[in-house]
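Please open the model in your viewer and keep the selection panel at hand. The tour proceeds by successive selections.

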Amino acid sequence: LPTTTLDFNNIQGDILGGLPKRTETFFLFEIINATKFRKDLNKLIPLVKTVAGVLKDRKDIEDHRKKRLPGLLRLTGVNISFSHLGFIKLGIDDSSLRPPVDPHAGVLDPFELGQKIDAVINLGDPTKHNGDPDWDESFLRGHIHGVIVITGDSHASVNKKKSEIEVIFGAHTPNASLKEITSIRGDVRPGDQAAHEHFGFLDGISNPAVIGFDTVINPGPRPVNPGVLVTGHPGDPFEIGRADWAKDGSFLAFRYLFQKAPEFNTFLKKHPISEDGNGKVLTPEEGSELLGARMFGRWKSGAPIDITPFKDDPILAADSKRNNNFAFEGERSSQFKCPFAAHIRKTNPRDDLEVPPTGTGSVEANRIMRRGIQFGPELTTHEKAMGITEHGRGVLFACYQSSLVNGFQLQQQTWSNNPKFPPFTGKPNELPGLDPIIGQGSRSMSGLDPLNPEAQLALPNFVVPRGGEYFFAPSLHGLKGTIAA
Ligand code: HEM
């Protein structure tokens, strides 16, 4: 592997390492006194966990486990990011965050646009009659200047850290430099559903391995150049020309996504697949399980259907040497094993794009580092019985990349919402359709029934976007030398 030097003491920890967490609060704030905020920020900086800090945490967690000490190690992590409006409010020139010469001539940069506008013109979020996205009020007022991400082992630890941060900025006092817009808390789900999202599928299996950071590279997609995620390194499309303070940072796309889990379960029950690809007749339960697996591209266990298309394999799912080692290879004309539009094929099409003749070369530039967490309660008995959502739940989706245009925005707009993606050479009727989980627009897809892949199934909306924003997570050097004063 080529070598590259990443300064682990300069890069915020969530980007490459991932802040360890059972629970996480996204503290969205408005800056009300810029001069004072820049002074106060000096006191927050020592709390900001870097990549080096995360690596130390990992070691401490491992020691704690080896010593068989009871409970979870008490840990918290703090990271901070700013929106374009935040930089304006602070009087900081953030022009080197956008491309020096716009290669997408005429297309506005999503970071500058802000997600509220991007959601309507590019992401396909449903809108209200006044043209705004149909979001929670807190995200519509246009005052989100930044987010402080606070992770920890428990609500008590995170609440304590949050209070400490509020004191630093004088929040709730006449001398406040920031105002809380809203704080959204996410929690890892309980028991055997830990690491599973609310539809029941194991998440967080496939994130890019990063050259210069990861020491263990499991079989699967090629490791990416660090600049795909971290600005100012090889792989950053604007590697040259970023201001010094804008290097070693990353763009954070945050999305407040609600999941209609009872409705999703009812849908699976109503449309069981009758026979698997080998012609074996399935029970209704088996048929519903297979339908769900074909919508995601993985079984609930996490086992990829490209390797084990018709039978779950929990042992494979748990084996990090095998559970990501597939590429939809040679399957551009076939959705026998995995539908073209399955969530993981839409968002990481692997050989659908990697290999000539029709491949564009590489998906490396389009990869993102996902760092989300679940929010909301477990399903109640009443919700299960009625098949209707009564309590808000979903994912606080968060991902990092050096280019929002190449990463999150493209995955949502150009891939998930586009019925013709991935490029396929199957029959014309096998138009892939939309990503059944996150696709926005006229929702249907083909390929769910392995023996009748041309059948298009209409899909209700199971994921409802209710807010979000784009942020930039600067380096420690940038925070100290440019943003704080
Ligand atoms: C993978 C769930 C939203 C991008 C996955 C996986 C699950 C999942 C279960 C498989 C586990 C894994 O491969 O790590 C969900 C749910 C969502 C959601 C329930 C919304 C409520 C999104 C969004 C994006 C996205 C908004 C980006 C626009 C990805 C990517 C992968 C993935 C890139 C990994 C694909 C791969 O490398 O094979 N998601 N996801 N997801 N998701 Fe999502």
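How many nonpolar, polar and charged residues does the shell around the ligand have? In this predicted model, the shell comprises 13 nonpolar, nine polar and five charged residues.

**First stop: the ligand shell.** Select the ligand together with the 27 residues that surround it. Then highlight Phe201, Ile205, Ser206, Thr347 and Asn348, which are the closest of these. Next, colour strand E5 (250–259), helix H11 (343–347), strand E8 (394–401) and helix H14 (408–416); these are the elements that give two or more residues to the shell.

**Second stop: the domains around the ligand.** Colour domain 1 (13–257 + 471–483) and domain 2 (261–367 + 415–467) separately; each of them supplies at least three residues to the shell around the ligand.

**Third stop: helix H3.** Now select residues 51–66, which form helix H3. Its 16 residues reach 23 Å from the first C-alpha to the last, close to the 22 Å expected at 1.5 Å a residue. Within H3, show the side chains of Val51, Val54 and Asp57, the buried residues of this helix. Because these residues cover an arc of only 105° around the axis, they lie on the same side of H3. Add helix H1 (13–16) to the view: the buried residues of H3 pack against it.

Then turn to the face of H3 directed away from its buried side, where the exposed residues Lys59, Asp63 and Lys66 are found.

**Last stop: beyond H3.** Finally, select Arg68, just after H3, and inspect its backbone: Arg68 takes a positive phi of about 55°.

Note on methods
Residues are numbered from 1 along each chain as its sequence is written. This is a predicted model: local features need pLDDT of at least 70, side-chain atom pairs count only at pLDDT 80 or more; totals for chains, interfaces and linings use all residues. Helices (H or I, at least four residues) and strands (E, at least two) are DSSP runs, numbered from the N terminus. The expected span of a helix is 1.5 Å times one less than its number of residues. A residue is buried if 20 or more other C-beta atoms lie within 10 Å of its own, exposed if 12 or fewer, and partly exposed in between; C-beta atoms are placed from the backbone. The arc is that of the directions from the helix axis to the C-beta atoms. Two residues are in contact if their C-beta atoms, placed from the backbone, lie within 7 Å. A residue is near a molecule or strand if its C-beta atom, placed from the backbone, lies within 6 Å of it. Ala, Val, Leu, Ile, Met, Phe, Trp, Tyr, Cys and Pro count as nonpolar, Asp, Glu, Lys and Arg as charged, and the others, Gly among them, as polar. Domain bounds come from an automatic or database domain assignment.
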